[in-house]
Amino acid sequence: MGYGTVNVGYPVKKGQPGGVATLGSDGKIPAGQLPDDLASVGNSFSVTLTSSGWSGNSQTVQDSRFVTTGYVYIVNPADEDFTTWAEAIIRGQDVTTSGQMTFVCADAPAVDVTVKIYRMEAAESE
């Protein structure tokens, strides 16, 4: 089955504001066609939970990208650390102090664990 043209009844602007994005030779949308404020919508970064950093099955990591309002955080282990993460039953807690996030576990792992953090803008629901 091939792909054809779709007639929407009006001209479609390709690669222009208010139009349809095109793909570059790498198969991605060129940066010039993305909204200027896209970076503020969300980003990802990593932190490391060190094996020596656990105290009472809790560890707090520092990073200026942790803020208390306007964002939600999704935490996930790096692929190579998934088994350790799952066996230790590690989970992140809500950010209640700017600049830090606390993680808790059932059993402190004996090795460092890299955590991928996804930060996304969010509004408080009413």
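The following paragraphs lead the reader through a predicted model of a single protein chain, from its overall plan to individual residues.

The chain contains two helices and six strands. Read from the N terminus, these elements follow the order α-β-β-β-α-β-β-β. Of the 126 residues, 21% count as buried. The accessible surface amounts to about 8900 Å², and carbon and sulfur atoms contribute 51% of that area. Among contacts with a separation of 6 or more, 66% involve residues 24 or more positions apart.

One such distant pair in sequence can be located at strand S3. Tyrosine 71 lies in this strand, and its C-alpha is 4.4 Å from that of glutamate 121, although the two residues are 50 positions apart in sequence. Because its relative accessible area is 23%, tyrosine 71 is classed as partly exposed.

Strand S2, which spans residues 58–62, shows an alternating arrangement of side chains. Gln59 and Val61 are directed to one face and are buried, whereas Ser58, Thr60 and Gln62 are directed to the other face and are not buried. This strand runs antiparallel to strand S5 (residues 100–104), and five bridges join the two. Within this pairing, glutamine 62 is placed opposite glutamine 100 of S5.

The surface also carries a nonpolar patch, formed by Val72, Ile74, Tyr118 and Met120, whose accessible area together is about 310 Å². Two strands, S3 (71–77) and S6 (113–121), each provide at least two residues of this patch. One of the patch members, isoleucine 74, is found in S3. Isoleucine 74 has a relative accessibility of 43% and therefore counts as partly exposed; membership of a patch requires over 30% relative accessible area.

Two loop residues deserve attention for their backbone geometry. Asparagine 57 is located in the loop between strand S1 (42–49) and S2. Its phi is positive, at about 60°, although asparagine 57 is not a glycine. With a relative accessible area of 30%, this asparagine is partly exposed. The second residue, isoleucine 89, occupies the loop between helix H2 (82–88) and strand S4 (91–92). Isoleucine 89 also is a residue other than glycine with a positive phi, here near 55°. Its relative accessibility of 48% places isoleucine 89 in the partly exposed class, because a residue is called exposed over 50% and buried under 20%.

Conventions
Residues are numbered from 1 along each chain as its sequence is written. This is a predicted model: local features need pLDDT of at least 70, side-chain atom pairs count only at pLDDT 80 or more; totals for chains, interfaces and linings use all residues. Side-chain values use heavy atoms; hydrogens and water are left out. Buried means under 20% relative accessible area, exposed over 50%, partly exposed in between (1.4 Å probe, protein chains only). Helices (H or I, at least four residues) and strands (E, at least two) are DSSP runs, numbered from the N terminus. Two strands pair if DSSP finds at least two bridges between them. Contact means heavy atoms within 4.5 Å. Accessible areas come from the Shrake-Rupley method with a 1.4 Å probe; for residues, only the protein chains shown count as cover. Patches are made of residues with over 30% relative accessible area and no salt bridge: like charges are joined within 9 Å, nonpolar side chains (Val, Leu, Ile, Met, Phe, Trp, Tyr) within 5 Å. A salt bridge is a side-chain nitrogen of Lys or Arg within 4 Å of a carboxyl oxygen of Asp or Glu.
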